[in-house]
Amino acid sequence: NEIRVFAPATVANMICGFDILGFAVDAPGDEVAMYRTTEPGVRIRSIQGDDGRLPLDPDKNTVSACVKMLLQHLGIENEFGVEIELIKHMPIGSGLGSSSASTVAGLFAINNLLGNPLSKEELLPFCVEGERLACGHGHADNVAPALFGGITLIRGYEPLDVIKLPVPNDLYAGVVFPKVDVPTRDARQLIKGKVALKDAVTQWGNIAGLIAGLYESDYDLISRSMKDVLIEPTRAILIPEFYEMKQMAMDLGALSFGISGSGPSVVAITKDESIAKQITEKISAHLTAKEIESLHYVSAV
Ligand code: HSE
C-alpha cells in the first residue's frame, strides 16, 4: 500500500531534434513516495527540495493533478485515496526535465499501487498532460525518455508515436546548470513560429544523420549531426557564457555541445566519460570565475 519511485532527469531535444528527441540520464532525478489512504482523494503530504516553489494544492501541483486525472480516467476517483511525498533532487526551471521527472514518478507510482492497469505506452499521454500543466505545452521529449529510459524519438504527436532508439556503447553527457532561471514557458515563447526552408533542410538532414549515427554507432556522424540551426541562436541569448562554454567543450574533444531542453542547462556529448568530466569541471570553474553559480553532472546516455 505504499511505493517509492525514482524518475530521472532528461535532456530533451538532443540538440538537433526540437520536441522530438530526448534521453534519460542516471542522475539527478526526482522521487515520489505514495501512500494509499482509506479516505478517497489525492493529497500532497510534503514537498522537499523545491525551496517552497511548488504548490501544495493538489489541483495545482502537476504530480497530484496528473494522479487525479488518471484516477478519473479509470472512474475510481471516489474510491481510491493517496497521499504524496515529492522529493526533488534537481533544480526547477533548469532544462533538465524537472517537472517531467516528478510527473512520471507520480504516474508510475499510482499505476503500480493500482496493480498496473495501464502499460507505459498508455501512461504516456497522462505524462504529456502534466507537461501541458507545467509549461503550457504538451511536449513529450522529456516524459518519454523519463518513462522508457534511453533515447526516444517522438515520431508523431497526433497520435503519439514513440520509438526507442539504440544507444551506442560509449556515449556520455556532461551537463552544466548555470544557476539562472529560464522557465520553459518563456523559452518557448521566444522562439520563432516559422523557419526558413533552407534551415529546415539543414535541420532535418542533421536529425536523420543523428538517427543513422545512433544505429551505426558512428561517432563521427553523430558529431557532424548534433547541431541546431533553428533554436539555439535564439535561446543561447538567455544563457550566460553560452558560446564560451561551447568553445571550451569542443576544444576538449566533445562530439557536440548545445542547450539541454529549453535551457539554461547545457550539455556536452562525448565518447569518453573522462572528457565529459573534464568539460563540466572546466566550464564550472569558468562560471565561478564569472561569479555564476552552477551544478554539474556526468552520466552515460
Ligand atoms: N522540447 C522542449 C523545448 C523541451 O525545447 O521547449 C523542454 O524541456
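Residues 211-287 are 55% helix and 12% strand. The C-alpha atoms at the two ends of this stretch lie 33 Å apart. UniProt, in an unreviewed entry, places the feature "domain: GHMP kinase C-terminal" at these residues. The model described here is predicted.

Helix α7 spans residues 219-225 and includes I222. I222 has 23 C-beta neighbours inside 10 Å and therefore counts as buried, the cut-off being 20 or more. Beyond its neighbours within four places in sequence, I222 is in contact with L210, G213, L214 and L255. F18 is 204 residues away from I222 in sequence. In space, the C-alpha atoms of I222 and F18 are 16 Å apart.

Two further helices pack against each other. These are α9, residues 242-251, and α10, residues 273-289. Their axes are 10 Å apart and form an angle of about 150°. Angles over 145 degrees count as roughly antiparallel, so α9 and α10 are roughly antiparallel to each other. The crossing of α9 past α10 is right-handed. On the α9 side, the residues that meet α10 are E244, M245, M248 and A249. Their counterparts in α10 are I279, K282, I283 and H286.

Helix α10 also lies across three strands, β7, β9 and β10. It runs at about 10° to β7. These strands belong to an open sheet of four, in the order β8-β9-β7-β10, with antiparallel pairing. The edge strands are β8 (256-259) and β10, each of which pairs on one side only. From one strand to the next, the twist averages 15°. Strands of a sheet pair through backbone hydrogen bonds, either parallel or antiparallel.

Within the sheet, β7 pairs with both β9 and β10. Five bridges join β7 to β9, residues 266-270, and the two strands run antiparallel. Y172 of β7 stands opposite T270 in β9. Seven bridges link β7 to β10, residues 294-300, again in the antiparallel sense. Here A173 has S299 of β10 as its bridge partner.

Strand β7 covers residues 172-178. Seven of its seven residues are buried, so the strand is largely enclosed by the rest of the structure. Its side chains divide between two directions. Y172, G174, V176 and P178 point one way, while A173, V175 and F177 point the other way. Residues of both sets are buried.

A further annotated stretch involves helix α2. The unreviewed UniProt entry gives the annotation "binding site" to P91, I92, G93, S94, G95, L96, G97, S98, S99, S100 and A101. Among these, S98 lies in helix α2, which spans residues 98-113. S99 is found in α2 as well. S98 is buried because 26 other C-beta atoms lie within 10 Å. S99 is also buried, with 21 other C-beta atoms within 10 Å.

The contacts of these two serines can be listed in turn, leaving aside neighbours within four places in sequence. S98 is in contact with M90, P91 and I92. Of these partners, P91 and I92 are themselves covered by the "binding site" annotation in UniProt. S99 is in contact with T62, G130, E131 and A134.

Methods:
Residues are numbered from 1 along each chain as its sequence is written. This is a predicted model: local features need pLDDT of at least 70, side-chain atom pairs count only at pLDDT 80 or more; totals for chains, interfaces and linings use all residues. UniProt positions are given in the numbering used here, feature names are shortened, and annotations may be inferred rather than shown by experiment. A residue is buried if 20 or more other C-beta atoms lie within 10 Å of its own, exposed if 12 or fewer, and partly exposed in between; C-beta atoms are placed from the backbone. Two residues are in contact if their C-beta atoms, placed from the backbone, lie within 7 Å. Two strands pair if DSSP finds at least two bridges between them. Axes are lines fitted to C-alpha atoms, for helices over the stretch in contact, and angles run from 0 to 180 degrees between N-to-C directions. Angles under 35 degrees count as roughly parallel, over 145 as roughly antiparallel, 65 to 115 as roughly perpendicular and the rest as oblique. A crossing is left-handed if the near helix is turned anticlockwise from the far one by less than a right angle, and right-handed if clockwise.
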